[in-house]
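This report covers a ligand site, the pockets and cavities, and two points of backbone geometry. The structure comes first.

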Amino acid sequence: MTDLPREMNALERLLLNRIKAQGPLTIADYMTECLLHPTLGYYTTREPFGAAGDFITAPEISQMFGEMLGLCLAQTWLDQGTPGPFALAELGPGRGTLMADILRATRRVPGFHDAAQVHLVEASPRMRAAQAGTLGHVWPADRITWHDRVDDLPELPIYLVANEFFDALPIRQFQRTADGFAEVVVGATEDRLTVGLVPAPANPALDVRLADTRAGDVVEICAAAPLIAAQVGQRIADHGGAALILDYGDWRSLGDTLQAMGGQAYASPFARPGEVDLTAHVDFEALVADVPCAHSRLTTQGVFLERLGITARAQALADDLTGPALEDHVAAHRRLTHPQEMGTLFKVVALFPTGAPPPPGLDT
Ligand code: SAH
């Protein structure tokens with residue numbers, strides 16, 4: 001039997017031509033094209049979130065997620081002496097649900113909304129439009145500013161959230177060999193994208209991993225993550241504030257974690273570029289390694305949300321629910337916190353000023 005001819009999509013054709021002309025792509029270049037190509041990228045062409053989308057994120061599961069994060073940031077702002085004006089900021093806000101829930105939950109914190117300016121860092125014009133739509137119901141449009149890059153955030157005290165943002169940043173992959181590392185790259189075999197290995201350039205971040213890897217192990221390096229965390233950390237060091245960074249990953253990751261999701265199921269990262277979401281686990285150790293402020297201990301999402309009182313909030317909300325709505329609500333609480341759901345895989349780390357206490361729910 002022969003394989004049926006396979007339809008190639010436009011991005012696949014474009015990448016194959018580029019590889020034939022210029023040689024293989026790093027995994028980072030491949031991810032960037034797949035996610036953010038101006039006309040064929042995943043975030044630039046699709047509406048990936050929610051029950052009908054390719055995957056569902058914590059703020060889309062329940063309003064309780066944003067409520068807990070909002071109260072955590074507001075309490076930190078109170079503890080730091082209510083600085084104003086300040087930037088209430090988010091990286092990669094998706095549909096804008098998390099920021100909308102944060103704003104609703106903090107409405108009654110005296111002075112918080114008066115001093116807040118909302119700043120959103122979002123690369124995709126399509127996502128920006130979705131965020132404007134969601135936030136239009138809860139916040140004046142003239143007090144929201146969008147930015148392409150974290151470095152464009154204002155020089156103000158900053159209270160920031162980033163949920164499932166860092167996992168979308170491009171990583172490079174390296175495989176341990178007998179005498180060092182080789183880089184995993186995307187090449188072309190006939191008319192297919194295929195992965196291969198090329199000699200890895202010298203890199204101090206790889207040298208340190210000689211100590212804890214064996215031949216065949218894969219190490220991932222996200223060059224952008226520590227730079228972005230350091231830019232946020234510099235604002236916190238200079239002006240005060242805090243950042244809550246939530247994602248899946250670990251303290252020092254090991255292994256191939258590049259993952260594709262489409263239609264709420266895992267897919268091959270190389271089969272239909274631009275049509276599926278591509279992510280990699282976050283290496284939180286590398287993320288915070290260079291921040292010029294303090295950082296909390298890495299804590300699981302389940303423990304963090306429990307410490308902030310999500311169960312009491314869940315019970316209060318449950319009082320008004322019956323039947324399927326109550327069942328959905330109970331399932332949402334479980335999904336956010338239970339170790340076998342998002343409770344343990346997802347982690348949180350906070351950045352905060354050196355010498356200040358960490359935000360509620362976290363320790364050092
Ligand atoms: N935080 C949201 C969405 C997570 S998906 C939630 O929890 O539901 C990742 C988001 O980051 C999307 O909005 C995507 O468009 C944006 N994004 C991805 N890469 C980016 C980059 N390099 N710069 C800015 N935004 C980016």
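In the residue classes used here, Ala, Val, Leu, Ile, Met, Phe, Trp, Tyr, Cys and Pro count as nonpolar, Asp, Glu, Lys and Arg as charged, and the others, Gly among them, as polar. This is a predicted model, in which local features need pLDDT of at least 70 and side-chain atom pairs count only at pLDDT 80 or more, while totals for chains, interfaces and linings use all residues. Residues are numbered from 1 along each chain as its sequence is written, and side-chain values use heavy atoms, with hydrogens and water left out.

**Cavity.** A cavity is a set of points, on a 1 Å grid over the protein atoms alone, where a 1.4 Å probe fits but cannot get out; a pocket is an open set with protein on both sides within 12 Å along at least five of seven lines, and lining residues have an atom within 4 Å of a point. Grid points are joined across faces, edges and corners, and a volume is the space filled by probe spheres set on the points. The whole structure holds one cavity of 30 Å³ or more. The largest cavity contains about 50 Å³ of space. Its lining is made up of Thr76, Asp79, Gln80, Ala356, Pro357, Pro358, Pro359 and Pro360; by class, five are nonpolar, two polar and one charged.

**Pocket.** The largest pocket has about 740 Å³ of space. It is lined by 38 residues, of which Gly92, Ala123, Phe165, Ala168 and Leu169 are the closest to its centre. Its lining comprises 20 nonpolar, nine polar and nine charged residues. The ligand takes up space in this largest pocket, where a molecule counts as sitting if more than half of its atoms lie within 2 Å of the grid points.

**Ligand.** Around the ligand are 17 residues, counted when a heavy atom lies within 4 Å. Nine of the shell residues are nonpolar, five polar and three charged. The table gives polar contacts, pairs of N or O atoms within 3.5 Å.

| Ligand atom | Protein partner | Distance |
|---|---|---|
| nitrogen | glycine 92, polar backbone atom | 2.8 Å |
| oxygen | glycine 94, polar backbone atom | 3.1 Å |
| oxygen | glutamate 122, side-chain N or O atom | 2.6 Å |

Taken alone, the ligand exposes 580 Å², and the protein buries 94% of that (Shrake-Rupley method, 1.4 Å probe).

**Backbone.** Most residues other than glycine have a negative phi, and most peptide bonds are trans. The peptide bond from glycine 84 to proline 85 is cis, with omega near -5°. Glutamate 164 has a positive phi, near 50°.

Methods: Polar contact = N/O pair within 3.5 Å; in protein donor to acceptor, adjacent residues only side chain to side chain.
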